[in-house]
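Here is a friendly walk through a protein model, told as questions and answers. Have the viewer open and follow along.

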Number of protein chains: 4
Amino acid sequence: MSPGRLEAFADGVFAIAATLLILNVDGAVGGEGIDLGTELRHAWPSYLAYAVSFVTIGIMWVNHHTVMAQVGRVDRRFLVANIGLLMCIAFVPFPTRLVAEHIRGAGAESAALAFGLTMTVTAIFFNVVWLYASRGERLLRADADRRVVAGITRSYLPGPWIYFGAALVAFASPEASALLYLAIAALYVVESSLFGGRSTLED
Amino acid sequence: MSPGRLEAFADGVFAIAATLLILNVDGAVGGEGIDLGTELRHAWPSYLAYAVSFVTIGIMWVNHHTVMAQVGRVDRRFLVANIGLLMCIAFVPFPTRLVAEHIRGAGAESAALAFGLTMTVTAIFFNVVWLYASRGERLLRADADRRVVAGITRSYLPGPWIYFGAALVAFASPEASALLYLAIAALYVVESSLFGGRSTLED
Amino acid sequence: MSPGRLEAFADGVFAIAATLLILNVDGAVGGEGIDLGTELRHAWPSYLAYAVSFVTIGIMWVNHHTVMAQVGRVDRRFLVANIGLLMCIAFVPFPTRLVAEHIRGAGAESAALAFGLTMTVTAIFFNVVWLYASRGERLLRADADRRVVAGITRSYLPGPWIYFGAALVAFASPEASALLYLAIAALYVVESSLFGGRSTLED
Amino acid sequence: MSPGRLEAFADGVFAIAATLLILNVDGAVGGEGIDLGTELRHAWPSYLAYAVSFVTIGIMWVNHHTVMAQVGRVDRRFLVANIGLLMCIAFVPFPTRLVAEHIRGAGAESAALAFGLTMTVTAIFFNVVWLYASRGERLLRADADRRVVAGITRSYLPGPWIYFGAALVAFASPEASALLYLAIAALYVVESSLFGGRSTLED
C-alpha cells in the first residue's frame, strides 16, 4: 500500500468524525420546549463543544499530514498503529457530547475526564505512529528534512502530558478542565494566525 | 500539504454534511401516526428544507473549487481558515432541521434566524478564505487569471450581507425569510441553467 | 473543475448514502422486546430493504461512472444537474426505511409509492445528466465511443418508466410493488453475473 | 472503470462504516442515570465492541488493498461482487451494537450469533471477490507476484470457517463466542506487531 492510500482512508475518517459532531448539537435541541429561542440559547455548551472538537480534529488532520509528508513507505505495523489512531479520532464525538450535556450538571467531572482521557490516548497514538516511522528513519522518505523530523518529535512528545494534565484538573474543577481543552485549540489557532503565514507547507 | 489534499478533505466534509441532511427528513416522519400517507404529506417542509440545504451546500462546494482552482499553495493560516469554513458547512444540517420542524409553529422566528445566521457566518468565512489567499496574490497560482480573481472577489463580498438581510427579515416574517433562502438557492440554479453552459469550467 | 473532482464528490455521496442505510436496520431492532432472537427474525423486511437499496445505490454508482467515463469536461449546468442527481441518491435511505417499517402494515401503499417515486425522479435526473452531456456531444470526450454513447442513451431512457410503473403497482398491491423493486436490483445482478465478465470496463 | 475508482469508493464505505460505530457507544450512555461516572463504567462492553469492530474493519480495509494491489482491471461481475462485500462491511455496526447491548443479558446468544454470521458472510464475499479475480489470473495485473497470489488465497480460505466456528460457539457460551471475535482481531494486531515490520507493503 502506498502512503497515499493510507492518507485517503485517514482523510475519510477525520472528515466523517468532524462532520458527525453536528449530531450532538442536534440532539441537544429537542424542540419540545415551549420556546425554541430559549432552548437555543440554553444549548450554548453544545455549540462551544462542537467548535472545540471540530477545530481539534481539524488540527489533528493537519498534524497527520505533517507526519505523512515525511513518510515514504508504510509497513503493516505502521498501518495497525494508524488504525489505532483513527479509532481514537472517530471516538471524539462521544466525549464531546458528554461534556456539552453534563458540564453544567452533576456529571461534569466524569464528562471532562472522559474527554481528557480520550485526547490523552489519541496523543499517545500520535507519538506511537510518529516514533515508529521516524526511529532510525525506518519509514521516512529518502529526502526527509532532519530539521523538520526533529521538530515534529519535539512538538508531539508533550501532547499526552498536556491533555493528561488538563484531564486531572477535572477532579478539582471540571469547568477549568473544559476551559483548558478550549484554550489548547484556541492557542493553536492564534499561533497559526500569528506565525502560520511565514512559510508555505511542504507536501 | 498540497492544495489537492485540502480539496479532498473539504470534498469529504461537503459530501457528508449534504448526505446527513436526510436524517432530518427521516426524523420528521415518526411512523406512529395513524395514516402514513397523511404524515408524509404533512412533512413537506422537511422535503423543501432538504432540497434547499442540499443545493446550497452543493453550490458552496462548487464555489470552494472555484477558489481552489486559483490557489497554488497553502500555508497554516489558510488551513485554519478552511477548517473554520468547513465547521460552518458541517453545521448546516442543524438549522435546516430547525426550519423544517418549526416554520409552521411558535419557533419559526428563532429557526429562520438560526438558519440565516449560520449562512451569514459561512459566507463570512468564504470571504476570509478567499481574501487571505488572493490579497497581494499571496497563495495564488503563478498563472492565476486576474479577471477570474477579481470576479470571485466581486461575487463573494455581498454574500454575508444578503444572508444577514434575509435573516433579519425573520423578525418581520419567518416565512418570508425562509422563502428568501429558497430564492437564493433557486436563483443560482436558474442562473446556472441560463448562463452556465456558456463556458467550460477551468480546473 | 475537472470531471475527476466531480467524480470524487459523487463517490462520497454514493458511499455515505449506502452506508447510512444500516441506521434503518439499527432503528428496527429496539432491543426492548423480551426475546432478541424473535425480534431479529421479525425484522427481516429491514434486512431485505437494506440489501435492495444498497445494491440499487451500488448499481447507480457504477452507472454514474459509465457516464463520467465518456465525459471530457464539465460546465456549471452539468454540475447543477449532478447536484440534483446526488440529492436523489442521498434521499434513498428515507423511503427505504418507510418500506421496511410499513410493508406489513396499513402504510404499505404510501411507503411503496414513496420508494418508487424517489427512484423515478432519480432515474429522470440520470437521463437529464446524460442527455445534457451527450446531446450534440456537448461535454463528451473527443474520443468518446459513439456505440457506447448510443448504448447508454438506450439503456437509460426506459428507467423512469420502469420505476414509475412499479410505483403505480402499489395502488393495487404494495407487496407486488416492493417485489418489483427487488426484482429490478436482482435482474441487474443476475445479468451482470451472466454477461458482465465478457469485456473489461473502460475507464 | 479503473481499479483506482473502485478502491476510492471502497475506502469511503470502510471509513464511514468504521466511524459510524461511535453512534453505538453514544447510544449506550443515555445520560438519564443519576451518576454519569457509574453509567460510563457500566458501558464498558460498548467500548470493547467499538474497538473490536473498528480494528476488524480496519484489517478488512488492509486486506481489500492487498487484493486490489494485485488487480489490474475490473469487469462488471467483479464490481457486483465488491458491492456485495461492501454491503457486508457497512452492516457491521448493527451486530456490533447487538453484542455490546445484549452480551450481559438474555439476548446474548442471538447477538453473538448475529455478529458471527455477519462476519462469516463477509469472509465468504472476500473469497468470492478474490477467487473471481485470481482464478486463471482473470483480472490480475500482468506482473502480479504468483507467490503473493497463492499466499492471499491460502490466508483467505479459512476465514469463513473460523468465523462460522466462533459463531456456533454462541450456542454453548455467548461470552466465549464474543471473546473469540476479540481474539481474532487481537491476534492480527499482535501478529502484525511481531512480523509486520519485516517488509514494506507493495502497492
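Q: Which residues of α6(D) are buried?
A: This is a predicted model, so the answer is about computed coordinates. Helix α6 of chain D spans residues 93–102, and nine of its 10 residues are buried. Going along the helix, the buried ones are Pro93(D), Phe94(D), Pro95(D), Thr96(D), Arg97(D), Leu98(D), Val99(D), Ala100(D) and His102(D).

Q: How much area do chain D and chain A bury between them?
A: The contact draws on 42 residues of chain D and 35 residues of chain A. Carbon and sulfur atoms account for 71% of the buried area. The total is about 3300 Å².

Q: Which helix gives the largest share of the side of chain D that touches chain A?
A: Across this interface there are nine residue pairs in polar contact, counting pairs with both residues at pLDDT 80 or more. Five helices of chain D, namely α1, α2, α3, α4 and α10, each supply at least two residues of the side that touches chain A. The largest share is 10 residues, and the helix that provides it is α4(D).

Q: How do the residues of the side of chain D that touches chain A divide into nonpolar, polar and charged?
A: Sorting that side by residue class gives three groups. The split is 24 nonpolar, 12 polar and six charged.

Q: How far apart are the closest N and O atoms of Asp26(D) and Arg97(A)?
A: The interface of chain D and chain A holds four salt bridges. Asp26(D) and Arg97(A) form a salt bridge, for which the N and O atoms must lie within 4 Å. Their closest N and O atoms are apart by 2.9 Å.

Q: How many residue pairs are in polar contact between chain B and chain C?
A: Here 42 residues of chain B are in contact with 35 residues of chain C. Four salt bridges link these two chains, and in one salt bridge Arg5(C) meets Glu7(B) at 3.7 Å, N to O. With both residues at pLDDT 80 or more, the number of pairs in polar contact is 10.

Q: What is the distance between the nearest C-alpha atoms of chain A and chain C?
A: Contact would need heavy atoms within 4.5 Å, and chain A and chain C do not touch. Chain B and chain D likewise have no contact, with their closest C-alpha atoms 9 Å apart. For chain A and chain C, the nearest C-alpha atoms are apart by 9 Å.

Q: Why does the salt bridge of Arg5(B) and Asp11(A) join two chains?
A: The two side chains meet at 2.8 Å, N to O. Arg5(B) lies in helix α1 of chain B and Asp11(A) in helix α1 of chain A, so the pair spans two chains. As for their surroundings, both residues are buried. The chains joined are B and A.

Q: Is Asp143(C) buried or exposed?
A: Asp143(C) forms a salt bridge with Arg141(C), with the closest N and O atoms 3.1 Å apart. Arg141(C) has 27% relative accessibility, so this residue counts as partly exposed. At 56%, Asp143(C) is over the 50% cut-off, and therefore counts as exposed.

Q: How many disulfides are there over all chains?
A: Cys88(A) and Cys88(C) can serve as examples of cysteines here. Cys88(A) is buried because its relative accessibility is 8%, and Cys88(C) is buried with a relative accessible area of 8%. Over all chains, the number of disulfides is zero.

How values were computed
Residues are numbered from 1 along each chain as its sequence is written. Chains are lettered from A and ligands numbered from 1 in the order in which they are written. This is a predicted model: local features need pLDDT of at least 70, side-chain atom pairs count only at pLDDT 80 or more; totals for chains, interfaces and linings use all residues. Side-chain values use heavy atoms; hydrogens and water are left out. A polar contact is a pair of N or O atoms within 3.5 Å; within protein, one must be able to donate a hydrogen and the other to accept it, and residues adjacent in sequence count only if both atoms are side-chain atoms. A disulfide is a pair of cysteine sulfur atoms within 2.5 Å. Buried means under 20% relative accessible area, exposed over 50%, partly exposed in between (1.4 Å probe, protein chains only). Buried area is the accessible area (1.4 Å probe) that two parts lose on being put together, summed over both. Helices (H or I, at least four residues) and strands (E, at least two) are DSSP runs, numbered from the N terminus. Ala, Val, Leu, Ile, Met, Phe, Trp, Tyr, Cys and Pro count as nonpolar, Asp, Glu, Lys and Arg as charged, and the others, Gly among them, as polar.
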